[in-house]
Amino acid sequence: MTTESKKVTAPAIRARKTAGPKIAAVTAYDATMARLLDESGVDILLVGDSLGMVVQGLPNTLPVTLEEVCYHARAVARATRRAHVVGDMPFMSFQVSVQQAVCNAGRMLKEGAVEAVKLEGGQDVAEHVRAMVRAGIPVMGHVGLTPQPAHAMGGLRAQGKADDDAARIVADAQALQQAGAYCIVIEGVPSELGRQITQAVGVPTIGIGAGPHCDGQVLVCYDMLGMVRNLHPKFVKRYGEIGDAIVSASAGFVQEVRSGVFPGPEHCFGTEGSRSGAESTGTRPVVSSTPPAYGPTHD
Ligand code: KIV
């Protein structure tokens, strides 16, 4: 848990390139998870378009809309006190024109309450990034494996293995920095290329499957927490087995409902003047922990 409660901003993230420490970023899509992750001391909460896959159950991120990212981002922003909240620009929300990119990035700040936007692409979107930054919108770049043009790339596979591809990705990152991006996500490239890009740009790099030399790391929260039980991507380290914990806790609930153990007297409301035994012994908390529960906490 963090002891530092000062709000993390885009300039503060930018300064971590030289000042350190390394940046820890995770995705978040709802208020409850955002509150917990924020409390853990993560620096960035990214409302990724990965929500299409992990929240909506889609096979890829392409159908995700700007309205959907804004909906999830508002929930995350509402629950976050310290972390820097970034919203991902979905497929076709910025590619069409520079004007479209600036307008939609502005909507993400106004309607999604994010503090910065992320967009996929390199030299091809540098003009878009420049215009967004000129409009006062902090922009996080994303190079290497960029899932939105996955069809054009022939599927989701690691990038930059060949020399010319690696050189293009370095040039992409440099173009984003020159356009004013304050940090750059590098996804799915060999560790050596992650190191080269990190040395070639003056803004922090945040890797996902890009090796240990980046200035920070990002993971999808459900992957990091072990909630996606059937997938074990090479670049993911699980810091918990929350998926197992959920299945086991829920199985306990099912079993107790069926056997009649739940609800016990301590979970039941009495009528006026006939308070239950558990209440009178004071074993039952009458005020819920914050945030508020979803129903009455006492009679
Ligand atoms: O959409 C997303 O969650 C992302 C991260 C994996 C970087 O782009």
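How many of the residues of strand 5 are buried? Select strand 5, residues 139-144, and you have your starting point: 6 of its 6 residues are buried, so to speak a mostly covered strand. Keep in mind as you click around that this is a predicted model.

**The whole chain**

Zoom out for a moment. The protein chain has 12 helices and 8 strands. It runs to 299 residues, and 40% of them count as buried. Look at contacts between residues at least 6 apart in sequence: 60% of these join residues at least 24 apart.

**Strand 5 and its partners**

Back to strand 5. On one hand there is strand 4 (residues 116-118), which runs parallel to strand 5 and is joined to it by 2 bridges. To see the pairing, pick Lys118 and look across to Met140 in strand 5. Now trace the chain through strand 4, helix 6 (residues 126-134) and strand 5: together they make a right-handed β-α-β unit.

Strand 5 also pairs with strand 6, again in parallel, through 5 bridges. Select Gly141 here and find its bridge partner, Ile184 in strand 6.

**A stop at Thr146**

Next, select Thr146, which sits in the loop between strand 5 and helix 7 (150-153). Is this loop residue buried or exposed? Thr146 counts as buried because it has 20 C-beta neighbours inside 10 Å, and 20 is the number at which a residue starts to count as buried. Leaving out residues up to four places away in sequence, Thr146 touches Glu120, Gly121 and Glu187. Try a distance too: from the C-alpha of Thr146 to that of Gly122 you should get 9.9 Å, although the two are 24 residues apart along the chain.

**Helix 9**

Move on to helix 9, residues 191-200, and colour its buried residues: Leu193, Gly194, Ile197 and Thr198. Why do they end up on the same side of helix 9? They cover an arc of only 140° around the axis, so they share one side of the helix. The spacing fits a general rule: an α-helix has 3.6 residues a turn, so residues three or four places apart point the same way.

What lies over that buried side? The cover includes helix 8 (163-179), strand 6 (183-187) and strand 7 (205-208). Then rotate to the face of helix 9 turned away from the buried side, where you'll find the exposed residues Glu192 and Gln199.

**Strand 1 and its neighbours**

Now pick strand 1, residues 23-27, another mostly covered strand, with 4 of its 5 residues buried. Strand 1 pairs with strand 8 (residues 216-219) in the parallel sense over 4 bridges, and Ala24 stands opposite Gln217 there. Strand 1 is also joined to strand 2 (residues 44-47) by 3 bridges, and these two run parallel as well. Here the pair to click is Val26 and Leu45 in strand 2. Follow the chain from strand 1 through helix 2 (residues 31-40) to strand 2, and you trace a right-handed β-α-β crossover.

**Last stop: the ligand**

Finish by selecting the ligand and showing what surrounds it: Thr27, Leu46, Gly48, Asp49, Ser50, Asp88, Val185, Ile208, Val218 and Val220. What kinds of residue make up this shell? Colour by type and you'll see 5 nonpolar, 3 polar and 2 charged.

Definitions and conventions: Residues numbered from 1 in each chain as written. Predicted model: local features only at pLDDT ≥ 70, side-chain atom pairs only at ≥ 80, totals over all residues. Near = placed C-beta within 6 Å. Nonpolar A, V, L, I, M, F, W, Y, C, P; charged D, E, K, R; others polar. Buried ≥ 20, exposed ≤ 12 C-beta atoms within 10 Å, placed from the backbone. Arc of directions from axis to C-beta. Contact = placed C-beta atoms within 7 Å. Pairing = 2+ DSSP bridges. Right-handed = clockwise from strand over helix to strand, strands pointing away.
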